[in-house]
Amino acid sequence: MKIFLAPLQGMTVAGYRNAFARHFGGIDAYYSPFIATSEVNKVNKLLLKDILPENNDPAVKLIPQILGNNGMQFKVFAEAISNLGYYEINWNIGCPYPTVTSKKKGAGMLPYPDMIKSFLDKACSGNSYVVTVKMRLGMESPEEGMRVIEVLNDYPLGGVIIHARTGVQKYDGNVDLEAFIKMASLCKHEITYNGDIFTYEDYQRISMRIPFVENFMLGRGALINPFLPSEIKGNIAAPENKIDIIRAFHNEIFDYYRNRVSGDKHLCDKMMEFWSYMSVNLNKDGKFMKKLKKCRNISHYLELVNQLLGTDSVWTDAILS
Ligand SMILES: Cc1cc2nc3c(=O)[nH]c(=O)nc-3n(C[C@H](O)[C@H](O)[C@H](O)COP(=O)(O)O)c2cc1C
């Protein structure tokens, strides 16, 4: 069984991935947040900053992701990326945000199997890389996804990841396991399941319904509880060490941003994104989050975080047990 860390734009950047691998592990491959293609002959290195080998720990297996609807542009980007030493390149046809879908990109491409076909004719003609696909069940309905899978079956892809929601659902409602099963059964490529694994029990319940699937991608669940991927694999950290591990993880990410973000307020805002996930594990009666949100000053921020990491009673059992 393999576990992958899902890409989350703004969160799972190089510094986060490196720190996650060092302090928690349990992840077989990390997918980068998407890099959007554009009409260029040569790809500007700045666009590839997050995936440049010098910014990524060589021990961390990274799979770069591209968003776009033009197969030739994809090829130009994929070749530039493969020149950096990557072989698998992931194509995003799952992003549900209207700014993306209105341009027939991301999940906005799922209702157009012919467009996907002509995209792949060009994108798959490069031989220095293999394409994998990250998709949703459809934009509006799973029937769309079924037609897309029929197209994908005609290409030499390295695998297909399915987030078991439609694009219009965004992150609302439930994952549709029935539709996932139909789509996965039609698909000739290696399948990865994605969606709503927040606890070990979620993993057990979902994996029992889809015993033919060996790959699982975790996003928000791993960001909320970074111990979860290892726990799913049976490696349980000693409860008395967990806060120290979170502290080391936090400090590494804090240092990463301190070297990249200018001004106390920006740094506090960036760290709030980190806490927007980690704080799910804090007891609701704690006032820490309210105080953190008001923080504009780094010494005040660090004082609060030290308090937080020094007080076991503010953490829920989901983290401490
Ligand atoms: C804030 C945010 C940013 C995301 N950015 C990306 C992205 O860059 N590329 C992508 O394929 N999916 C992106 N996703 C989707 C996740 O990779 C994942 O498919 C989704 O969160 C469902 O998995 P989960 O229930 O395990 O979180 C994003 C999701 C969120 C919430």
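**Helix H2 and the barrel around it**

Good morning. I begin at the N-terminal end of helix H2, where Asn-70 acts as a cap: one of its side-chain oxygens lies 2.9 Å from the backbone nitrogen of Met-72. Please bear in mind that this is a predicted model.

Helix H2 covers residues 71-82. Its twelve residues, at 1.5 Å a residue, should span 16 Å, and because its end C-alpha atoms are 16 Å apart, the expected span and the model agree.

How much of H2 is buried? Nine of the twelve residues are, so the helix is mostly covered. Among the buried residues are the aromatic pair Phe-74 and Phe-77, together with Gln-73, Lys-75 and Ile-81. The elements covering them include strands E2, E3, E4 and E5, as well as helix H4, residues 113-123.

I turn now to the strands. Eight of them close into a barrel, in the order E1-E2-E3-E4-E5-E6-E7-E8, with parallel pairing. On average, neighbouring strands of this sheet are turned by 30 degrees against each other, direction ignored.

Where does the barrel close? Strand E1, residues 2-5, is joined to strand E8, residues 215-218, by four bridges, and the two run parallel. Here Phe-4 stands opposite Met-217 of E8. Phe-4 also has a bridge partner in E2, namely Ala-29; E1 and E2 pair in the parallel sense over two bridges.

Continuing along the barrel, strand E2, residues 29-36, runs parallel to strand E3, residues 62-67, and five bridges join them. Within this pairing, Tyr-31 has Ile-63 of E3 as its bridge partner. Both E2 and E3 are also among the elements that cover the buried residues of H2, which returns us to the helix with which I began.

Notes:
Residues numbered from 1 in each chain as written. Predicted model: local features only at pLDDT ≥ 70, side-chain atom pairs only at ≥ 80, totals over all residues. Heavy atoms only, no water. Pairing = 2+ DSSP bridges. Axes fitted to C-alpha atoms, helices over the stretch in contact; angles between N-to-C directions. Expected span 1.5 Å × (residues − 1). Buried < 20%, exposed > 50% of the residue type's maximum accessible area, 1.4 Å probe, protein only. Contact = heavy atoms within 4.5 Å. Polar contact = N/O pair within 3.5 Å; in protein donor to acceptor, adjacent residues only side chain to side chain.
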